[in-house]
2 protein chains.
Amino acid sequence: MARWEPNAVGRLTEAAMALFTERGYSQTTVGDIATRAGLTERTFFNHFSDKREVLFAGSELFTQLIVDAVRAAPRSAKPLDAVLAAYEATDAFFEGRRPFARQRYALISAHPELQERELVKMLSVAAAVAEVLEQRGVSKAAASLASELGSAILRVGFDQWCKDKKDRSLVFHLRAARRQLEAVVGRPQARSRARTTA
Amino acid sequence: MARWEPNAVGRLTEAAMALFTERGYSQTTVGDIATRAGLTERTFFNHFSDKREVLFAGSELFTQLIVDAVRAAPRSAKPLDAVLAAYEATDAFFEGRRPFARQRYALISAHPELQERELVKMLSVAAAVAEVLEQRGVSKAAASLASELGSAILRVGFDQWCKDKKDRSLVFHLRAARRQLEAVVGRPQARSRARTTA
DNA sequence: ATGGTGATTGCACAAACTGTCATCAGGAGG
DNA sequence: CCTCCTGATGACAGTTTGTGCAATCACCAT
């Protein structure tokens with residue numbers, strides 16, 4: 001028999017997501033969240049360094065997942081391909097949590113404070129990825145570039161994945177985004193539709 | 001004869017940069033900054049929505065500068081080239097403020113709270129750029145991708161620019177970063193000697 | 001002089017954190 | 001069975017951030 005109700009972090013996270021969804025982020029106090037989880041404000045701050053972090057618990061695990069996947073990529077892979085392969089490896093992870101991921105994404109998109117935190121988290125993943133790439137012999141600048149480009153592709157792909165009414169996989173959307181890249185950076189494109197004058 | 005000392009925003013910014021540099025961000029209270037600028041805490045919050053914003057005054061102007069430059073890019077330019085040309089257009093802007101920009105960059109790099117803010121600002125620029133690209137007929141996904149890729153290149157280039165002991169121009173570093181891109185993404189049918197300069 | 005304007009300020013207050021110390025059930029070891 | 005240790009929890013006081021509201025005060029147009 002546990003001395004306290006188990007999984008305090010999980011309960012706090014759940015309470016926070018519910019309250020943020022119901023009344024919005026700034027209309028919810030840390031006290032509200034704690035109470036709903038059957039805990040106190042002080043205990044909330046024992047588990048999370050600040051109010052935003054409640055939606056980012058376990059992000060280190062995610063980082064580790066990615067980093068390991070990059071390490072596992074064949075040494076022959078070009079930097080960007082290694083990074084994208086790593087992101088594709090998260091497909092199963094997300095597939096099992098689609099409703100959760102969607103709600104969380106909606107919350108974060110709706111609240112600038114949360115978006116800020118999301119961005120640093122992504123940058124921190126990118127930084128970790130870049131470091132692994134460097135260990136694989138990629139120059140510092142190229143490593144940054146590859147990891148950030150990967151981030152951008154993930155962002156675009158993930159956005160599509162969240163909105164996709166057909167529930168296609170993350171891998172599908174990542175590859176679609178990757179293909180877009182060629183339209184952006186690649187050889188001259190003959191697309192001149194939409195002549196919005198001035 | 002002005003009724004108050006002029007340029008409150010400038011004085012607050014200067015005071016904040018000095019104090020953040022001296023004692024660090026979190027060791028500096030808003031009251032400290034205001035006092036040093038000869039004002040009160042309340043007045044600080046009349047000018048800035050929060051403590052972090054003091055280092056980001058005028059960022060809308062910067063956004064506008066970029067957006068206008070993208071609009072001015074030739075319609076034949078590929079998305080990424082249009083974006084990069086726009087960032088290159090900020091060269092003069094930064095060249096005149098190198099010491100300031102370096103100190104500010106060091107501060108932001110050293111303080112996660114400030115980095116968060118920096119990232120949303122960059123994302124907001126990227127979003128504005130993406131919108132312009134869409135108006136130019138680029139698909140939504142490609143526009144996001146091009147603008148974010150541009151951001152990544154700017155980040156890498158700017159970082160090099162700040163560290164460059166030889167004080168080479170931002171344009172120089174942007175182009176160097178751009179060239180790195182090819183090492184990263186690889187070129188399926190590369191070898192085309194096509195000129196990529198805008 | 002009269003009243004409007006707009007930057008500034010004082011005051012009160014909610015909410016976000018922080019540091020410190022007390023509590024209290026269970027497990028380890030005697 | 002008893003005791004000590006541990007670690008999550010909570011009470012409490014204090015600082016800092018940020019907001020709303022009203023008052024001030026010199027300049028300025030009429």
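This tour moves through a predicted model, stopping at each of two DNA strands and at the protein residues around them.

**First stop: DNA strand D**

Begin by selecting DNA strand D together with the 21 residues around it, among which Arg3(A), Thr43(A), His47(A), Arg3(B) and Arg42(B) come nearest. If you then colour the atoms of DNA strand D that come within 4 Å of the protein, you will find that sugar and phosphate account for 52% of them.

Next, show the side chains of Thr43(A) and His47(A), both of which point you to the phosphates of this strand. An N or O atom in the side chain of Thr43(A) is 2.7 Å from a phosphate oxygen of DNA strand D, and for the side chain of His47(A) the corresponding distance to a phosphate oxygen is 2.4 Å. Move from there to Arg42(B), where an N or O atom of the side chain is 2.6 Å from an oxygen that belongs to a base of DNA strand D.

Now switch to a cartoon view and select helix H3 (41-47) in chain A and helix H3 (41-47) in chain B, which are the elements that give two or more residues to the surface near DNA strand D. The largest share of that surface comes from H3(A), with four residues. Coloured by class, the residues of the surface near DNA strand D divide into six nonpolar, eight polar and seven charged.

**Second stop: DNA strand C**

Select DNA strand C, which is surrounded by 20 residues, the closest being Arg3(A), Arg3(B), Thr43(B), Asn46(B) and His47(B). Among the atoms of DNA strand C within 4 Å of the protein, 52% belong to sugar or phosphate, while the rest belong to bases.

Which atoms of Val30(A) and Thr40(B) should be displayed here, those of the backbone or those of the side chain? Display the backbone, since a polar backbone atom of Val30(A) is 3.2 Å from a phosphate oxygen of DNA strand C, and a backbone N or O atom of Thr40(B) likewise lies 3.2 Å from a phosphate oxygen of DNA strand C. Then add the side chain of Arg42(A), in which a polar atom lies 2.6 Å from a base oxygen of DNA strand C.

To finish, return to the cartoon view and select H3 of chain A and H3 of chain B, each of which supplies at least two residues of the surface near DNA strand C. Here the largest share, four residues, comes from H3(B), and the surface near DNA strand C as a whole has six nonpolar, seven polar and seven charged residues.

Conventions. Residues are numbered from 1 along each chain as its sequence is written. Chains are lettered from A and ligands numbered from 1 in the order in which they are written. This is a predicted model: local features need pLDDT of at least 70, side-chain atom pairs count only at pLDDT 80 or more; totals for chains, interfaces and linings use all residues. Side-chain values use heavy atoms; hydrogens and water are left out. A residue is near a molecule or strand if one of its heavy atoms lies within 4 Å of it. A polar contact is a pair of N or O atoms within 3.5 Å; within protein, one must be able to donate a hydrogen and the other to accept it, and residues adjacent in sequence count only if both atoms are side-chain atoms. Ala, Val, Leu, Ile, Met, Phe, Trp, Tyr, Cys and Pro count as nonpolar, Asp, Glu, Lys and Arg as charged, and the others, Gly among them, as polar.
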